[in-house]
Structures are given as structure tokens and as C-alpha cells.
Amino acid sequence: MTPARTPARTPARTPADTAGSTPLIRQYLEIKSRHPDSLLFFRVGDFYEMFFEDAEEGSGLLGLTLTSRNNGGKRDVPLAGVPVKALDEYVSRLIEAGRRVAICEQLEDPAEAQGIVRRDVVEIITPGTVLEDRLLTAKRNNYVVVIAGRAPFGLAIVDLSTGEFELRAVAGEADLRDELGRLEPAEIVVPEESAPPPGAWHLTTRPEWRFDAEQGEERLAAWFGVASSVGFGLDAARDALLLAASGALLAYLEEVRPSGLDHLRPPRVDRAGRVMYLDDMTRRNLELVEPLRPGEGASLLERLDRTRTPMGARLLRRRLLRPLVAADEIRVRLDAVQEFVERPEVRRRVRRALRPIRDLERLAARIATGRAGPRELLGLGLSLDALPGLAAALDGLEAGRLADLRSAFDPLADVAGRVREAIDPDTPHALKDGGVIRRGFSPELDELRGVRGNAVDFIAGMQLRERDRTGIDTLKIGFNKVFGYYLEVTKSKLGRVPEEWTRRQTLTNAERYLTPELKEWEGRVLGADDEIQRLEARLFQSVREEVGAEVGRVQTAAARVAEIDVLACLAEVAEAEDYVRPALTEEVVFDVEEGRHPVVETTVARDTFIPNDMRLDDECRTMIVTGPNMAGKSTVLRQAGLIALMAHIGSFVPARRARIGVCDRVFTRVGASDNLAAGLSTFMVEMTETATILHGASERSLVLLDEIGRGTSTYDGVSIAWAVTERLHEIGARTVFATHYHELVGLAESLPRAAAFNVSVREKGRDIVFLYRLEPGGSDRSYGVHVARLAGLPPDVVGRAARILRVLESGPWGAGGRGAALAEGGMGQLSLFEAAGFPAGQAPPAPGSPGDEDATDLDAARELLERLARLDLDRLTPIEALNTLAEWKAFGDA
């Protein structure tokens with residue numbers, strides 16, 4: 001797929017184009033000229049309006065009616081608009097369509113403006129910079145990635161919804177592709193004219209000069225108020241690309257959020273060597289965060305995620321995609337999980353305390369950027385109110401990391417108290433609805449509310465007094481936003497209306513009136529309402545700013561809550577699923593007793609899944625696993641990879657016992673498919689992935705291979721698989737190779753640290769029973785014909801296949817001869833029928849012969865091939881070619 005770049009926009013109009021336009025249109029065009037690549041939402045009263053090309057495009061994308069607006073002495077201009085109150089709904093639809101939206105607000109009260117109302121863009125919303133919950137996924141990050149350089153690359157990574165900021169170096173294009181696949185950014189920013197990164201992404205381009213390392217260092221220091229970037233662990237010479245990327249990122253953020261981003265955290269530099277690098281094929285083959293076929297099956301993340309908070313879920317996902325490679329760090333996590341496992345009552349208390357805590361990270365971001373409404377501020381306060389209970393639940397825990405989290409825990413009691421005393425517990429969602437500020441917080445506000453309440457009570461009492469005075473028993477007092485307060489009298493009682501009442505509105509069955517006294521008290525009510533609304537807005541903004549000033553503390557608390565949540569979650573899963581703590585060691589070993597697949601075992605009855613042992617160490621670095629399809633070879637491979645990765649994130653693992661040497665990489669090549677977009681066949685994809693493994697594997701790697709070499713001829717495939725296995729054995733990587741090539745079993749005898757295993761089956765007459773158990777020794781049969789029968793192939797086809805198989809296996813190149821020949825280097829080219837197991841010049845038995853009564857006439861097929869070989873293509877005319885084809889077709893039909 002071609003990456004989706006931000007669409008090119010129509011060039012801005014020149015000053016000459018605006019001559020004769022109204023002041024409002026001139027103002028619009030001036031602002032639009034500064035944001036040519038965005039749809040401009042231009043605030044006019046209670047609507048955001050789009051003009052010219054934006055109106056035409058926006059009306060089409062949003063299904064709006066396209067109208068026009070008067071433009072003074074010039075032609076009317078196209079117009080489309082959306083109500084202010086529906087902004088989020090329409091913006092979300094544009095963002096989902098991959099568009100950018102510039103929000104242009106009125107910066108002064110129209111009633112107080114001298115001439116045209118001042119307006120300007122206050123924010124630009126893009127796919128990667130959204131802050132609205134409805135546009136975000138709670139359990140995953142929403143990244144903007146800025147890429148500097150051209151192999152190697154510097155990456156600046158930001159999630160504006162949480163404030164996370166990371167810097168990371170990437171070596172080459174393949175690594176960049178894998179890193180972007182892991183991050184799945186909503187938006188990528190690259191220099192203009194640069195080659196797009198591999199993959200299908202929403203791209204935004206910015207001028208090359210923005211990607212300058214020196215300017216980047218200055219901008220980074222200025223943004224965070226430090227003397228230099230050294231405090232972030234950056235070196236100007238070594239990290240030039242990281243500085244260039246961070247500078248371009250901050251410039252972009254200033255562009256899209258000119259009002260500021262106080263919640264952005266200082267950058268964390270992610271150096272190579274601390275975490276395991278997982279390539280795309282490993283993430284995909286092991287189904288770490290998504291199943292291979294969406295909607296079918298489950299991922300490992302789905303099985304592990306029992307977190308109670310959104311930030312905990314996001315942290316678990318990040319940890320799963322970036323496992324640790326330092327044994328000491330892994331053990332720290334395992335110690336914490338173990339204590340939670342061993343103290344279930346404490347774990348349950350902690351998980352109960354986590355339940356009421358909302359998404360502190362994203363709430364803090366919205367508050368710090370001034371976007372949080374009353375209910376969100378209240379939600380933050382209620383979440384902070386739960387922190388002391390969580391801190392208390394941690395009392396008595398002794399594991400190092402849990403003790404650190406407990407001792408450094410900040411319950412933010414002052415921030416929670418401020419929200420509690422200021423915000424009414426029944427506050428509405430919108431500030432304009434009133435009743436946001438709690439009674440007792442502001443004496444001035446309470447007094448205004450009293451004045452309004454008295455006035456409302458007086459008006460309500462007026463209804464009874466006027467009924468008594470006039471004798472109009474059906475009289476009632478009402479209110480609407482157009483006419484204000486009124487007295488309503490039905491038509492049958494109009495004769496009793498006093499002369500001093502003034503008619504205000506005529507209805508079908510009633511008349512509405514106004515009196516001087518009612519008008520006076522209406523003024524008091526409405527005047528108090530206006531004052532209350534202005535004061536509440538001022539008080540709310542003040543409280544929000546106070547809370548926003550503590551955003552750093554809230555983010556730190558959120559990070560601690562997330563980590564506690566993840567550790568307790570992994571312990572919960574460990575106890576529920578009977579996982580065991582793995583022993584991490586620096587030795588090159590992978591020793592698992594009764595290992596299980598953490599996903600597959602949950603899809604079958606617990607007592608039906610067959611666990612398996614696996615041991616790779618100095619005596620056996622390479623396991624060659626044979627066995628039929630459906631016997632469980634791929635499951636054994638995948639469970640080994642999943643157990644290794646679970647151990648490296650600090651999780652217990654599905655096994656009776658596990659001793660695992662720390663891996664620097666886990667490689668998998670399980671299954672293959674065409675990559676038509678890249679012009680690659682199944683075999684080419686397979687070879688590319690295998691090449692990646694051979695170039696990247698080391699003695700400390702775990703390599704899991706399933707059926708390489710299938711996409712080409714049998715002998716090419718065997719040769720490649722043989723050579724690859726030898727190379728991995730030479731490297732010393734812990735390798736499990738599942739194959740149908742029984743010839744490779746011979747490697748277990750010729751290579752000193754290789755062993756053959758098979759996934760066993762038992763034959764019962766014409767049927768087979770899959771035992772799903774890994775046993776020593778190779779298998780000399782694939783049982784493909786049996787599997788074909790199970791799959792439902794027609795019986796006559798299955799029978800024919802079985803007969804042909806017996807003939808093939810009886811030849812000099814049948815099972816047993818092939819492996820020996822390969823071991824001796826015998827790989828000569830065979831004729832067509834020799835390759836099928838027949839002596840030179842002899843075809844398989846013809847139909848009806850004693851060898852096979854139902855055999856296809858292969859002699860005739862050979863004759864046809866011989867005729868093809870005798871054709872002289874240089875002398876063959878077109879009509880002769882057509883006649884020959886027709887003759888062969890008739891032969892085939894016969």
C-alpha cells in the first residue's frame with residue numbers, strides 16, 4: 001500500500017483575490033493562508049463555518065448542505081457549517097477520514113468587539129494529536145512519530161493523550177519497518193521529498209530545515225527549561241539524529257497546539273541493549289497482540305490482560321512488545337509477581353482499590369491542555385480519592401519493586417481535596433448547564449444563587465397571587481428563551497385579563513401577557529443567571545488551572561498505579577491458570593517441563609491439552625521435530641516462543657517447571673504467505689524472513705522455524721533447510737526446527753549438538769490418532785494421505801494417492817535412501833520419472849495394470865511430453881500451434 005500523505009491543498013489566495021470581499025471573508029482568507037493543508041473551522045457565532053474549497057470538501061465528507069454566503073461586491077462564496085455543540089462529532093469523522101482540522105475561535109466577545117471580531121487558530125487536530133476519548137482506544141497508545149535521517153534513523157515518539165515522550169535510534173529500513181509495526185503510530189512526520197517509510201501510514205511532511213540537530217537541541221532545552229540536552233542523557237555528536245527528530249517534533253507540536261502542552265514529559269532515551277527487539281514476523285507469528293486472522297482466535301495479550309485501569313492495560317501491551325533482556329531487571333518484576341501470588345488476600349485488596357481509578361494519564365492531559373469539562377475534573381478527583389486506599393493496600397509488601405512503589409507513593413491528597421471542595425458531586429457534563437461549583441466554595445456565588453432563588457420563588461408565588469386577584473383559575477406562569485417569563489391565559493378566560501397587562505404572544509388556544517412587576521423580577525433572575533454563569537466559568541477555570549499545575553505529580557502517580565496494576569494482573573493470571581515462576585539464568589539453556597500454550601490451552605478443556613517437555617542446552621542446541629500435519633508441531637514451536645517472551649516481561653509461565661537462559665532475540669518463522677503488494681511470492685517471503693534470522697541470530701537467541709523450503713521444488717527445499725540448520729547449529733543458537741523433510745533427521749547423527757524428535761501419532765487400521773506428545777527420535781512418515789482423508793477428500797482420490805505413495809516410497813529415492821544420499825553429498829539432478837521414484841525410462845503402472853488398476857495413463861502423459869520436446873518452435877506457424885493445442889486438449893478430454 002502507498003502511505004497516505006496529507007492531501008495537497010489549493011494554494012492560498014493572494015491579496016488581490018480578496019479585494020472587494022467583506023471583512024469577515026478577508027479575515028478568513030488571511031487565516032486560511034497560514035493553514036493550507038487543514039480544513040479550517042471558522043467560528044461565527046454558534047457555528048463553525050467553512051468557505052470556498054473547504055466548504056466543498058467538508059460538505060462532501062460530512063454530508064452537509066452546501067450553501068453560499070454574501071461576499072460584498074464579489075460573487076457569493078460556497079459555505080458549509082456545523083453547530084458548535086456538535087464539534088466533536090464532526091471532527092471525529094474528519095479525523096477518521098485522515099484529514100486535519102484547524103479550529104479557529106473568536107478571541108473576544110462580539111458585543112465588545114470594535115469592528116470585526118478577533119479570531120485565530122487555537123489548535124489543529126490531526127490523527128496523531130487527538131485528545132478526545134471518543135477518538136482514542138483506551139488500551140493502546142496513540143503515537144505521533146517523527147523520523148529524521150536516512151538509515152540510520154532517529155525517532156521521536158509522543159503520545160499526546162498521555163504526555164509520553166521517547167527518543168529511539170533505528171539502524172536500517174528493515175528495523176524501521178519493524179519498529180513502526182510495533183508502535184502502530186496514528187501519524188508519522190517526515191521531511192519533504194524524503195522516501196516514505198515502509199508500510200501504510202498517515203504521513204505529514206514538513207520542511208527539511210526543521211530537522212536540524214543544532215536547532216533541535218536548542219528547542220529541546222528551551223521547551224523543558226534546562227541548560228542543555230545533556231541532562232536527558234543526550235550527546236550532541238552521538239545523538240544528532242535524535243536531536244533532529246525531537247526538534248522537528250516539538251516544532252510540529254507548537255504548530256498544532258499553539259496554546260501549549262504543559263503535560264509533555266521530558267524525553268526518555270531508549271538505548272539499545274535494555275529491551276529485546278521483536279521483529280514484525282515474530283510479533284505476528286506468535287500472535288502477541290493480535291491474532292493472525294482478526295476475529296478468529298485470541299492473542300497472548302487478550303489472555304494476559306486482566307488489568308483494572310486503562311493505563312495498566314497500555315503498560316502491559318508496551319511491556320509485551322518490548323521484553324527485557326537483563327536478568328536482574330526481570331527478576332525484580334518476578335519477585336513482585338511472586339509476592340502477589342503468595343499473598344492472594346493482599347492482591348485482591350489491591351485489585352479492589354484499583355477498580356475506581358479512571359484513566360489518570362489522559363485525564364491529566366485534558367486538564368493540563370484546558371480541554372477537560374466538569375465531569376472529567378470530577379472524575380480525576382474521585383480517582384485521586386481512591387489513591388490512599390491503594391497505598392494502604394500495599395502495606396506490608398516486601399518485594400523490592402513493590403516496596404519502592406509503596407514508599408514513593410504520592411496520594412495527591414491536596415489535589416483531590418481541592419477538586420472535592422470545588423466541584424459539585426452532581427455536576428453536569430457541560431459548564432453552561434450550571435451547578436458545577438459546589439455550594440460553600442464561593443460566598444459570592446452562593447449569594448448570587450440566593451438572589452436568583454428568591455426571584456424564582458417570588459415569580460412562582462406570583463402565579464397564586466394573580467389567580468386570586470383576577471379569578472383566572474387556569475392562569476399559569478411560564479418561561480422560554482425567546483420571550484422570557486409570561487402569564488398564560490386560555491381563550492375562555494380572556495374577559496378577566498386586567499387592562500394593565502401587555503399582550504406578548506398569541507397562541508391557538510391561549511394568550512401570553514407581561515406585567516411590569518413580572519418584567520422587573522425577570523430581570524433579577526436573568527441578571528443573576530448571567531452573573532452566576534460568568535462566575536462559575538471563572539471559578540471552574542481557576543480550579544482546573546490549579547489542578548493542571550500538578551500534572552507532573554498526577555502523571556507520576558498514574559505510572560505507579562499502572563505498574564502496580566500490571567504486576568497484580570500477572571499474578572492473578574498466574575494463579576488462575578496454574579503458571580509457575582521461571583528461573584532466569586545467564587546460561588544458554590531453555591529447559592521447560594510440561595510446557596503449555598497459554599492461548600490454545602484456554603480454548604480446549606483443561607484436562608485435554610497435552611503438555612510437553614523441551615530442553616535446549618550445551619548438549620542439544622538444535623531440535624529437529626518431525627511429524628504429520630495437525631499433530632501439534634506448530635503449537636509446540638509457538639508455545640516455546642511465548643513461554644520465553646512471557647518470562648522476559650516478568651510473567652510466570654504455563655509449565656510445571658521452567659529454567660530459561662536470557663535471550664537477546666526470539667526469532668520465529670511459522671507459516672508463510674504471499675506479499676503481493678511488495679511483489680514477493682510465498683517462497684521469497686520465506687527466504688527473506690530466514691535471511692533475517694541468519695543475519696541476526698546469536699548464541700543467545702531462540703530460533704523457531706516451521707517448514708522452511710516448502711515453496712520450491714522438493715530437492716531445493718531440502719537443500720536449503722539442510723544448510724540453514726547447519727548454519728544455526730554453527731552459530732549455536734537454541735533452535736527448534738519443525739519439518740516434513742524426514743531427510744533432515746539425519747542431521748541429528750551428523751551434528752554434535754542436534755537431536756531428532758517427533759510429535760507422535762498412533763495408527764489404528766486405516767486411521768491415525770494424534771497424541772500431541774513430543775518424543776525423542778525422528779518420524780519417517782508425514783501421514784499426509786491420512787490427513788487428507790480427515791479433511792474430507794473424496795475416497796477415490798485418497799485411495800489413488802495412497803497407491804501412488806506406496807510406489808514412490810518403494811523406489812531407490814524413497815524414505816531412508818534420500819537422507820543417506822544427502823549426507824554423502826549425493827544431490828544429482830534426476831529425470832522427471834526418476835524423481836518420482838521410477839527407474840530411467842520406466843513410467844508408473846498404467847491404469848488396469850497389476851500395479852494399479854485405477855492408475856492414470858502416465859505412459860500416454862509421457863508420450864505427450866516427448867511430443868512437446870520434439871516441437872520446433874522456430875518453424876511452428878500460428879495455425880499449427882493452435883491445431884496442436886486443440887489436439888492436446890482433445891487428448892486430455894479423452
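How many aromatic pairs does the structure hold?

## Aromatic pairs

This report describes a predicted model, and the structure in that model holds 10 aromatic pairs. One of them is formed by W501 and Y513, whose rings are 5.9 Å apart from centre to centre with 50° between their planes, an arrangement that counts as tilted. The pair links distant parts of the chain, since W501 lies in the loop between β15 (484–490) and β16 (502–506), while Y513 belongs to strand β17 (residues 510–514), 12 residues apart. Both W501 and Y513 are buried.

Aromatic residues also come together in a group, for Y28, F42, F51 and F52 form one aromatic cluster.

## The chain as a whole

The secondary structure of the protein chain comes to 30 helices and 27 strands. The chain has 894 residues, and buried residues make up 50% of them. When contacts with a separation of 6 or more are considered, 66% of those in the protein chain are accounted for by residues 24 or more positions apart.

## An open sheet

Six of the strands can be followed together, as an open sheet of 6 strands has the order β4-β5-β3-β2-β6-β7, with mixed pairing. Because β4 (67–71) and β7 (119–125) stand at the edges and each has a single partner strand, one side of each is left without a neighbour in the sheet. From one strand to the next, the twist averages 35°.

At one end of this order, strand β6 (residues 101–106) runs antiparallel to β7, and 6 bridges join the two. Across this pairing, E105 stands opposite D120 in β7.

## Two helices

Helix α10 (residues 310–321) has 12 residues, which at 1.5 Å a residue should span 16 Å, and its end C-alpha atoms are 17 Å apart, which agrees with that expectation. The helix is mostly covered, with 11 of its 12 residues buried. The buried residues of α10 are M311, G312, A313, R314, L315, L316, R317, R318, R319, L320 and L321, a list in which several arginines appear beside leucines.

Helix α23 (residues 714–731) has 18 residues, and the span that should result at 1.5 Å a residue is 26 Å; its end C-alpha atoms are 26 Å apart, which agrees. An α-helix has 3.6 residues a turn, so residues three or four places apart point the same way. With that in mind, the reader can look at the buried residues of α23, which are G717, V718, A721, W722, V724, T725, L728 and H729. After α23 comes G732, whose phi is positive, near 95°.

## Cysteines and a buried serine

A disulfide is a covalent bond between the sulfur atoms of two cysteines. When cysteine sulfur atoms are required to lie within 2.5 Å of each other, the count comes to 0 disulfides. Two of the cysteines can be described by their accessibility: C104 counts as buried because its relative accessibility is 0%, and C663 is buried too, with a relative accessible area of 1%.

A loop residue may be buried as well, and S442 is an example: this serine is found in the loop between α17 (413–422) and α18 (443–470). Its relative accessible area is 8%, so S442 is buried. Leaving aside its neighbours within four places in sequence, S442 is in contact with L535 and L539.

How values were computed
Residues are numbered from 1 along each chain as its sequence is written. This is a predicted model: local features need pLDDT of at least 70, side-chain atom pairs count only at pLDDT 80 or more; totals for chains, interfaces and linings use all residues. Side-chain values use heavy atoms; hydrogens and water are left out. Two strands pair if DSSP finds at least two bridges between them. Helices (H or I, at least four residues) and strands (E, at least two) are DSSP runs, numbered from the N terminus. Axes are lines fitted to C-alpha atoms, for helices over the stretch in contact, and angles run from 0 to 180 degrees between N-to-C directions. Buried means under 20% relative accessible area, exposed over 50%, partly exposed in between (1.4 Å probe, protein chains only). Contact means heavy atoms within 4.5 Å. The expected span of a helix is 1.5 Å times one less than its number of residues. Rings of Phe, Tyr and Trp (its six-membered ring) pair if their centres lie within 6.5 Å; planes under 30 degrees apart count as stacked, over 60 as edge-to-face and the rest as tilted.
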